[in-house]
Amino acid sequence: MKYQIPKGLFDIVPYDGEDWRIIDKWQYVESVFRNLALDFGYEEIRTPIFEKTELFQRVGQTSDIVTKEMYNFEDRAGRLLSLRPEGTSSVIRALLEKNMLQNRKTHKLFYIGPMFRYERPQSGRYRQHHQFGVEAIGKKSIEQDAETIHMLWEFYSRLGISNIKLHLNSIGGNTSRNQYKTALLKFLKPHLHALSKESQVRFEKNPLRILDSKDSKDREILKKAPSILDHLNKEEKKYFEELQTLLTEIQIPFEISDHIVRGLDYYNEIVFEITCEDFSGTQNSLGAGGRYDGLIHSFGGANIPSTGFATGVERVLQTMIQQKAFFPPKRHSFLYFIPLCKAAETLCFIWASELRINKISSDMDFTAKKIQASLQKASQLEVDFCIIVGEDEIKSKTFKLKNMKTREEKTVAAVLFLQEIEHHWSKIHVGLQQNPSL
Ligand code: HAM
């Protein structure tokens, strides 16, 4: 093939793809997320997929996501732009630009869309991935933190994902974190030569990220490292403890993981990650987030506290498939018309048009020649009924109705067409409404 999809990207298709790339599965998890957002009082925001590069540089001067993994380009007028690597910065930019923060004190927003990171592609890691995310802006409260964490937890529960673990940490405010940074550097200095290459670079640029290292030798050294939790001030400690109490109250189990520091620069205090042991990819973080109280101020706005999370759709779907989680049956047309002569083609088309106006889903074989081949197509499309009209039916003013589940076939008078179809449609339609999963 002359043209191939760029490395690290994938198509989402209606059929003939790996299970996790089938569109109706994407639509299902998206609808679960939309309903969840509604249940937690969040409204949707849509921002562009590219922004001025400087916006993202503001949130990631020391992060790989911004310094190494961004897709940067110049437009025809020489402006420096970047495909968005994440959603939080754009949401805050949009709120500030439209003065929305002045009109309302708090905002609870969600978004769904592609993000772009030039990472080494591997299972669970793509150069275009998709996120469901939320941002709760305007309030620093234990309840607000607990709400976003609960929401992410509940999302996975509604999808039937099991074996998940919530990792919780507080990375403190700037002062505590700087004190901790000094203590960590002091501890790591004698081990510097033994650390992985990546961690040696981080030692200079962003030592806290060393805590995130997956390298086994680094992990061994880090076992004895000082903990950020011992460097929190009194208020930060109290806030973190109160959050734990509230999460326990609403029965969300968690594990304190003091090595979680997150890959973007804007976080302070509460950070969290939900992982799944069964996720087969190299990255087992399904979703993550935290508090970012200084971001709006650093964008030129007031001091407005905020928190949020994002979860990767690819990882969610891959985990669901691995765990054999429930997906609703694929939606398909109810009726399939098989016209076998010119006069039948016109009649079937008029009938199909009439049904479609009445919201009865119908499809038609425009190339029908042999009945068996058309019935095979109908089976592939998983339709409920076929209507077959040939020269004989035109002459006798009838049509054949074939039930594709029972394979029963009967001849019906053409004048009774609508009556007959509505009868079968309402039977299936009632059945669908009674299915709680839809
Ligand atoms: P993040 O942890 O960088 O956070 O990304 C969120 C989620 O996106 C990850 O947990 C993972 O599931 C998924 N993800 C990230 N990179 C990739 C990739 N290359 N391929 C597949 N999936 C990926 C953020 O982006 C923050 N903006 C989250 C946030 C919102 N914090 C506060 N509000």
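User: How many disulfides does a search of the whole structure find?

Analyst: In this predicted model, a search of the whole structure finds 0 disulfides. Cys386 illustrates the result: the nearest cysteine sulfur, that of Cys348, is 11 Å away, whereas a disulfide requires two cysteine sulfur atoms within 2.5 Å, and Cys386 is therefore in no disulfide.

User: Why is Cys386 called buried?

Analyst: The relative accessible area of Cys386 is 0%, and buried means under 20%, so Cys386 meets the criterion. Cys276 also counts as buried, because its relative accessibility is 0%.

User: What makes E13 and E16 the edges of their sheet?

Analyst: The sheet is open, with 5 strands in the order E13-E12-E14-E15-E16 and mixed pairing. Strand E13 (362–364) and strand E16 (409–413) each have a single partner strand, so one side of each is left without a neighbour in the sheet. On average, neighbouring strands of this sheet are turned by 25 degrees against each other, direction ignored.

User: How do you know that E14 and E15 pair?

Analyst: Pairing requires at least two bridges between the strands, and strand E14 (residues 385–389) and strand E15 (residues 398–403) are joined over 4 bridges in the antiparallel sense, so the criterion is met. Ile388 stands opposite Lys400 in E15.

User: Which residues of the largest nonpolar core touch the most other members?

Analyst: Of its 91 residues, these are Val29, Ile137, Phe155, Tyr156, Leu159, Leu188 and Met320. Helix H6 (residues 142–158) gives the most to this core, with 8 residues.

Terms used
Residues numbered from 1 in each chain as written. Predicted model: local features only at pLDDT ≥ 70, side-chain atom pairs only at ≥ 80, totals over all residues. Heavy atoms only, no water. Core = buried A, V, L, I, M, F, W, Y, C linked by side-chain atoms within 4.5 Å. Buried < 20%, exposed > 50% of the residue type's maximum accessible area, 1.4 Å probe, protein only. Helix = DSSP H or I, 4+ residues; strand = E, 2+ residues; numbered from the N terminus. Axes fitted to C-alpha atoms, helices over the stretch in contact; angles between N-to-C directions.
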